[in-house]
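Dear colleague,

I am handing over the structure below, and I would be glad if you kept it open while you read the notes that follow it.

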Amino acid sequence: MISYLDSRTQRVAIGSVLSDVINIKYGVPQGSVLGPRLYCIFAKPISEICRRHNFSYHGYADDTQVYLVIKPLDNWDSISTRLETCLADISKWMRLNMLKLNQDKTELILFTPKISNCHLSFDGSIVSNASVVKNLGVYFDRTLSMEKQVNAVTKSCYFQIRNIGRIRQYITEDA
């Protein structure tokens with residue numbers, strides 16, 4: 001039996017200039033039907049790391065969210081230390097498996113007005129508490145007012161209505 005992951009090659013084209021062909025030893029073809037499923041199987045140890053640190057997690061394709069319900073009497077310093085350790089373990093596992101945790105896309109949000117000035121130290125950088133994050137296309141803010149989400153939907157609707165207005169003369173009254 002031959003795997004469809006074997007004997008794959010890659011080259012880069014910039015304009016009419018082509019790079020040399022290289023053999024691909026790792027990874028899954030982008031856009032393949034099995035790609036998301038194979039990545040989830042490959043990245044399963046991330047969920048085990050989260051559980052070991054007593055965090056909940058959610059994964060969608062290559063996006064992973066680590067979360068925890070913080071109770072009013074919980075100590076943010078001990079939680080942040082646990083979270084930093086969990087992130088360090090995830091980052092270490094990723095490095096060992098030829099992946100990279102993107103610090104620029106790593107975000108922290110606390111859904112509470114009580115804790116505003118907090119941060120995490122992570123792989124030599126600081127991740128500060130964001131006021132708004134985007135999750136699968138939906139904006140969430142610290143107070144869950146959904147103001148940014150409503151504004152984004154309104155802007156998108158206005159754009160679409162304006163486009164319909166441009167072709168109005170070409171469509172029927174029923175349309």
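The second largest pocket of this predicted model has a volume of about 190 Å³. Which residues line the second largest pocket? The lining is made up of Y39, C40, A43, K44, I46, S47, Y57, G59, Y60, A61, D63 and T64. If you look for these residues along the chain, you will find that helix 1 (35-42), helix 2 (44-52), strand 5 (56-60) and strand 6 (63-67) each supply at least two residues of the lining. Sorted by class, the lining of this pocket has seven nonpolar residues, together with three polar and two charged ones.

One of the lining residues, K44, also takes part in a salt bridge, and the structure holds two salt bridges. In one of them the side chain of K44 meets the side chain of E48, with 3.2 Å from N to O. E48 and K44 are separated by about one helical turn, because they are four residues apart in helix 2. Both ends of this bridge can be described by their accessibility: E48 counts as partly exposed because its relative accessibility is 38%, and K44 counts as partly exposed because its value is 43%.

The other salt bridge is formed by R52 and D89, whose closest N and O atoms are 3.7 Å apart. R52 lies in helix 2 and D89 in helix 3 (residues 76-96), so this pair ties together parts that are 37 residues apart in sequence. Are R52 and D89 exposed, partly exposed or buried? With a relative accessibility of 54%, R52 counts as exposed, whereas D89, at 24%, counts as partly exposed.

Turning to the aromatic residues, the structure holds one aromatic pair. The pair is formed by F42 and W93, and it is tilted, with 5.7 Å from centre to centre and 55 degrees between the planes. This pair links distant parts of the chain, since F42 belongs to helix 1 and W93 to helix 3, and the two residues are 51 residues apart. F42 counts as partly exposed, at 38% relative accessibility, while W93 is buried, with a relative accessible area of 14%.

There are also charged groups placed over rings. The charged end of R82 sits over the ring of F55, 4.6 Å from the centre of that ring, and the charged end of K148 sits over the ring of Y139, at 5.0 Å from the ring centre. F55 deserves a second look, and you can find this residue in the loop between helix 2 and strand 5. Why does F55 count as buried? F55 counts as buried because its relative accessibility is 5%, and the limit for that word is under 20%. The C-alpha atom of F55 is separated by 6.4 Å from that of V66, although the two residues are eleven residues apart along the chain.

A similar description can be given for I109, which lies in the loop between helix 3 and strand 7 (119-122). At 18% relative accessibility, I109 counts as buried, and its C-alpha atom is separated by 9.0 Å from the C-alpha atom of F140, a residue 31 residues apart from I109 along the chain.

Finally, please look at two backbone angles. Most residues other than glycine have a negative phi. L136, however, has a positive phi near 50 degrees, and this residue is not a glycine. L136 lies in the loop between strand 9 (132-135) and strand 10 (138-141), and it counts as exposed, with 53% relative accessibility. Where is M146, and what is its phi? M146 is found in the loop between strand 10 and helix 4 (147-167), and its phi is positive, about 65 degrees, although M146 is not a glycine either. At 25% relative accessibility, M146 counts as partly exposed.

With best wishes

How values were computed
Residues are numbered from 1 along each chain as its sequence is written. This is a predicted model: local features need pLDDT of at least 70, side-chain atom pairs count only at pLDDT 80 or more; totals for chains, interfaces and linings use all residues. Side-chain values use heavy atoms; hydrogens and water are left out. On a 1 Å grid over the protein atoms alone, a cavity is a set of points where a 1.4 Å probe fits but cannot get out, and a pocket is an open set with protein on both sides within 12 Å along at least five of seven lines; lining residues have an atom within 4 Å of a point. Grid points are joined across faces, edges and corners, and a volume is the space filled by probe spheres set on the points. Ala, Val, Leu, Ile, Met, Phe, Trp, Tyr, Cys and Pro count as nonpolar, Asp, Glu, Lys and Arg as charged, and the others, Gly among them, as polar. A salt bridge is a side-chain nitrogen of Lys or Arg within 4 Å of a carboxyl oxygen of Asp or Glu. Buried means under 20% relative accessible area, exposed over 50%, partly exposed in between (1.4 Å probe, protein chains only). Rings of Phe, Tyr and Trp (its six-membered ring) pair if their centres lie within 6.5 Å; planes under 30 degrees apart count as stacked, over 60 as edge-to-face and the rest as tilted. A charge sits over a ring if NZ of Lys or CZ of Arg is within 6 Å of the ring centre and within 35 degrees of the ring normal.
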